[in-house]
Amino acid sequence: MALDVLVRASAVSDAVAELSREVARSVVLVRGSRGSAGSGVIWDRPKLVITNNHVVHGQTAELVIADGRRLLGRVVRREPSLDLAALEVEHELEPRAQIGDSDALRVGDLVLAVGNPMGERNAPSLGIVSGQPDDVVRLSITLRPGNSGGALVNARGEVVGIPHLVAGSGLAMAVSTRTVARFLSGAPLQSGGDLIWI
Amino acid sequence: MTLSATSSGLLASLSDDLAEAVAHAGRSVVAVNGRRRFPASGLAWSADQVLTAAHVLERDTDLSITAPDGAQYPVHIVGGDRASDVALLRVDGGALTPIETQPAELKPGHLVLAVGRPGTPSPIASLGVVSSAGGTWRTAQGAVLDAYLRADVALLPGLSGGALADVQGRVVGMLSSQLAGGDPVAIPISTLDGLVQRILSGGSLKRAYLGVSTQPVELQEGLRQRLGIAQQSGLMLLGLEPGAPADKAGLLLGDIVLAIGGRTIEDGEALQMALGPDAVGRQTAIKVIRGGQVQEIAVTPAERPS
């Protein structure tokens, strides 16, 4: 085999490994009050972690961050119809994820999901965008329970979605960052709505 | 996130290449509207011909395709073969961009993209690697094709009839979810070429036919030694259709078929493989055991009645 081919493939392999490690620093383990476990992303806002609504059933969740510390997160906003929840912690968390533009994704773009499937910490999965993104990003990728709420990043390591659904063998969906932005944009509180502030 | 510039640049350019490849192949992948559920995919074989998977056509009339630019065209079926899961459609007034093909050998491990367009404005795609590339095989529906490509791409709904493409967006085969019992498999371009030629020359694909029903039987060690044959089993004839080629040639119930045209027959699959389109109308020697002796009998397979 030609040496340059080996070098190129090794470089890609190393780059994916590096990307996985870097992304994992902003991914937390989320344990809900009813024993549910999933993932969360340290967002680029003070003291904020974004996860899926279905990961946190109660008002609080335990967060285990990359260095092993355990923190209490309080649900400050949730939207079941978008499957999103925002958790607030008492202290600043680092490093914050870089948030990317999900609308800029094209079908075929490389994506990496990092989460905590089946209790494994920070397991990466490589895949591609399989359909034109809108409120969700359709993915050709192998994900498992526990990937929910984690980070889906593009090739530059920017978060473009929150994986939330396995749609079949090798198929999954993520809530796009377009949707997360809408969720966080302070859509007005509606009394009797699904939003819960504490 | 402090990804090194080298890694970031490398992955970003790989990502761009893959997205470009999807867009490139996608220019020649159309939606095929021929079933009640959502559409499937098809390949622009020429400006006014689309090749698709036969199983996605649930009706013969009221068929249409949607081109990548969103234009819808009525189509009619030129011909096809369910067992090979191919159908050729004529696109009246079509001005499609024909697929760019890549007949070169892809080996296990090569990256490939599955690209379809099940009625969506943008193509859909999944990524995988070639798991195996092989020669003559029998489809789940009984057709004998001379090559296949298997890949571990995810079979998104509506991908049948779509492209298996290399990382430059060149089409290497047409995808089917049916030919291998639900696993993704693609018919390579060179095989598709042959199928299209046959469809255009005859309207449908012929399959050879003998008019027999058979059962594999083990050949006893003593018998094999006495007759000097190596194979472990043969096919015993349990039924003969009156007037069919086998009956006309003088084959009898109880004959044990050992070979057809020099091809060893040990089971029903081997028999099907021997009865490809090329066998129709061509006199072929069938080697059988009859009354404890090996005999050769000349048979001319006919075209299988549909």
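## Close-up views of chains A and B in a predicted model

**Figure 1. A hairpin in chain A of this predicted model.** In chain A, strands S8(A) and S9(A) make up a hairpin, and six residues lie between them. Strand S8 covers residues 123-129 of chain A, and its antiparallel pairing with S9(A) rests on two bridges. Within this pairing, Ile128(A) has Ser140(A) of S9(A) as its bridge partner. As general background, the strands of a sheet pair through backbone hydrogen bonds, in either a parallel or an antiparallel manner.

**Figure 2. Strand S9(A) and its second partner, S12(A).** S9(A) also pairs with strand S12 (residues 171-176) of chain A; this pairing is antiparallel and includes five bridges. Opposite Arg138(A) stands Met173(A), a residue of S12(A). How many of the five residues of strand S9 (residues 136-140) of chain A are buried? Five of the five are buried, so the strand is largely enclosed by the rest of the structure. In a regular strand, side chains alternate between the two faces of the sheet. In S9(A), Val136(A), Arg138(A) and Ser140(A) point one way, while Val137(A) and Leu139(A) point the other way. The residues of both groups are buried.

**Figure 3. The buried side of helix H2(A).** Helix H2 of chain A spans residues 177-184, and its buried residues are Thr177(A), Thr179(A), Val180(A) and Phe183(A). Why do they lie on the same side of H2(A)? They cover an arc of only 150 degrees around the axis, and therefore they share one side of the helix. The cover over the buried residues of H2(A) includes five strands of chain A: S3 (48-51), S5 (70-79), S6 (84-88), S11 (159-168) and S12.

**Figure 4. Backbone features in three loops of chain A.** Most residues other than glycine have a negative phi, and most peptide bonds are trans. Asp83(A), located in the loop between S5 and S6 of chain A, is not a glycine, yet its phi is positive, at about 55 degrees. Asp83(A) is buried, because 22 other C-beta atoms lie within 10 Å. Asn122(A) is likewise not a glycine and has a positive phi of about 55 degrees; its place is the loop between S7 and S8 of chain A. Because Asn122(A) has 20 C-beta neighbours inside 10 Å, it counts as buried. The peptide bond that joins Glu94(A) and Pro95(A) is cis, with an omega of about -10 degrees. Pro95(A) belongs to the loop between S6 and strand S7 (110-115) of chain A.

**Figure 5. A closed barrel in chain B.** Six strands of chain B form a closed barrel in the order S1-S2-S3-S6-S5-S4, and their pairing is antiparallel. On average, and with direction ignored, neighbouring strands of this sheet are turned by 40 degrees against each other. Strand S1 (residues 29-33) and strand S4 (residues 63-66) of chain B run antiparallel and are joined by three bridges. Asn33(B) has Ser64(B) in S4(B) as its bridge partner.

**Figure 6. The contact between chain B and chain A.** Chain B contributes 26 residues to this contact, and chain A contributes 29 residues. On the chain B side, the elements that give two or more residues are helix H1 (5-26) and strand S8 (124-134) of chain B. Which element gives the most to the side of chain B that touches chain A? H1(B) does, with eleven residues. This side of chain B comprises 18 nonpolar residues, eight polar residues and no charged residues.

**Figure 7. The two domains of chain B.** The domain assignment of chain B places residues 1-201 in domain 1 and residues 208-303 in domain 2. Their C-alpha centres are 38 Å apart. Five residues from domain 1 and five residues from domain 2 take part in the contact. The side of domain 1 that touches domain 2 has one nonpolar, two polar and two charged residues. Chain B as a whole contains five helices and 22 strands, and its C-alpha atoms fill a box of roughly 80 × 50 × 30 Å along the principal axes. Of its 306 residues, 45% count as buried. Among contacts in chain B between residues at least 6 apart in sequence, 61% link residues at least 24 apart.

Key. Residues numbered from 1 in each chain as written. Chains lettered and ligands numbered in written order. Predicted model: local features only at pLDDT ≥ 70, side-chain atom pairs only at ≥ 80, totals over all residues. Pairing = 2+ DSSP bridges. Helix = DSSP H or I, 4+ residues; strand = E, 2+ residues; numbered from the N terminus. Axes fitted to C-alpha atoms, helices over the stretch in contact; angles between N-to-C directions. Contact = placed C-beta atoms within 7 Å. Nonpolar A, V, L, I, M, F, W, Y, C, P; charged D, E, K, R; others polar. Buried ≥ 20, exposed ≤ 12 C-beta atoms within 10 Å, placed from the backbone. Domains from an automatic or database assignment. Arc of directions from axis to C-beta.
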